[in-house]
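Let's take a walk through this structure, going from one metal site to the other. Have the sequence and the model open side by side.

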Amino acid sequence: MSGTRVSRRRVLKTGATALGGGALALGAGAAAQAQAPAIGTGTQTGRTFRGLVRHAATLDVQEMRLLPIDPRQVVIRSLAVAPCYTIVRGALAANAIQRAEVPNHCGFGVVEAVGAMVKRVQAGDRVVVAGTSQCGQCYQCLHGRPDYCQFTFFSNAPGVEPFAPFAQLRDGTPVYAQAGIGGMSEIMTAFEEYCVPVFTDLPAAQLTLLGDQLASGFAAGHAEMVFQPGSDVVVFGAGPVGLGAVQAARVMGAGQVIVVDPIRYRREFALKMGATTTLDANAEGDGIVERIRELCRGPNDRRFAGGTTWGRAGNAAMSRGADFVVEAAGLEALPPKTERQPDPTNVKTVLQAWDCTRAGGHVMLMGFTLQPVPFPGVSLALLGRTLHPGQQGGLHVMRDIPRYVKLIEKGRIDAASVITKRYTLDQARQSVQDTADRTIITGVVEFT
Ligand SMILES: [Zn+2]
Ligand SMILES: [Zn+2]
């Protein structure tokens, strides 16, 4: 891991240490403890393929040779992949890194071979490779929180190399898949715990969005935090994740859907996805919290007649605000080519998301914020706001991805429109650059 990389797993590393230690006993560490023997036939060991590789000071398409897989791994021929914003700083940085790595942490493709112990998928299945596993056996999965499946968080344990290299460059340099998944190469190998088979004719470019961005954003509104019909929803950040939350608000029947973003074209895009009001984070400045409270104050000041404001009561500020708030802005990993966000660290945005939630309301923090965020202790104690962690929006991949497929088939989720640019593998580096520049909503690399 490079020192400048901002990846979801790196950020979660500290918090996941305890989980990771426990997960060692799962057997998930088979690859870490010893290089698995080749399965023999059908694993495609030695097959050559191409992919985007971050190595030394470069990010280029290179030829690789597939190494033997673990008995619980799957060989997948990639069909489409969408680079996640969280990888851009590490992928595009100019510093030289020793470890060669295929970037990203999700993808979509066809299963071509399976290890001897794989049960979930078989050759020929089309699979979403999700950013979070769902093993179904660990403590977290058994206690209803597969969004924190220990198989995923095992990979965060300090000093532990959970995933063996999956390929070699021509000169023999081992190549790792970022987070054990990668995605931006013609061949992926993934443990079956990350693979979700989908049985549909939908195009690969749409289905790959269910591995991370669109699925994470949509999950924000129904998986752990559940938008209520007619409720006031606020979404900070109209990127691929935030727009997923906007679509969830539309599907769940929210009343107002207020979207905050500094980028003009993204605000306009949000209106097409279901936003009812958009606000420019830069133009509103520090007044944005009061503006949102005003928008959510209800039809009158009569608290006995449905007004959500308490008029001139001394504690009026406590009682006004949105029912549900999603913070999906995140920090600015690299300066964009579009409008800048008001606070590149995202600390201010997190505090605004907290402050514009009504007493008793719900707020989910999905964006990364690396600096400490000072929450007033009294508001934490007394306002009854429920704070939800935004790790993939609470997505339970095996439960939720198949139902999102049905919602796309029925036209309830619009996965086609959020793809605003397509690339070939040879243009994959540009897809990462455009993601960093924020000149696209979602870019998809299609493999032919
Ligand atoms: Zn991601
Ligand atoms: Zn699990």
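Helices and strands here are DSSP runs, numbered from the N terminus, with at least four residues for a helix and at least two for a strand. On that footing, and bearing in mind that this is a predicted model, H396 sits in the loop between β16 (386–389) and α15 (397–409). Its relative accessibility is 7%, and because buried means under 20%, H396 counts as buried. Setting aside neighbours within four places in sequence, H396 touches Q134, G144, P146, D147, E224 and I401.

Now for the zinc ion (ligand 2). Its donors are the SG atoms of C135, C138, C141 and C149, at 2.3 to 2.4 Å. Along the chain they are spaced as C-x2-C-x2-C-x7-C. Two of them, C138 and C149, are 11 residues apart: C138 is in the loop between β6 (126–129) and α4 (139–142), and C149 is in the loop between α4 and α5 (150–153). Both C138 and C149 are buried. Why call the arrangement tetrahedral? Because the four donor atoms around the zinc ion (ligand 2) subtend angles of 105 to 117°.

On to the zinc ion (ligand 1), which is held by C84 (SG), H105 (NE2) and D212 (OD) at 1.9 to 2.3 Å. The spacing of these donors is C-x20-H-x106-D. H105 is in the loop between β4 (97–102) and β5 (107–114), while D212 is in the loop between α6 (204–207) and α7 (213–219), so the pair ties together parts 107 residues apart in sequence. H105 is buried, at 3% relative accessible area, and D212 is buried too, at 6% relative accessibility.

Definitions and conventions. Residues are numbered from 1 along each chain as its sequence is written. Chains are lettered from A and ligands numbered from 1 in the order in which they are written. This is a predicted model: local features need pLDDT of at least 70, side-chain atom pairs count only at pLDDT 80 or more; totals for chains, interfaces and linings use all residues. Side-chain values use heavy atoms; hydrogens and water are left out. Donors are N, O and S atoms within 2.8 Å of the metal (3.2 Å for Na, K and Ca); water is not among the atoms, so sites may look incomplete. Four donors count as tetrahedral if all angles lie between 85 and 135 degrees; four count as square planar and six as octahedral if opposite donors are over 155 degrees apart and all others between 65 and 115; anything else is irregular. Buried means under 20% relative accessible area, exposed over 50%, partly exposed in between (1.4 Å probe, protein chains only). Contact means heavy atoms within 4.5 Å.
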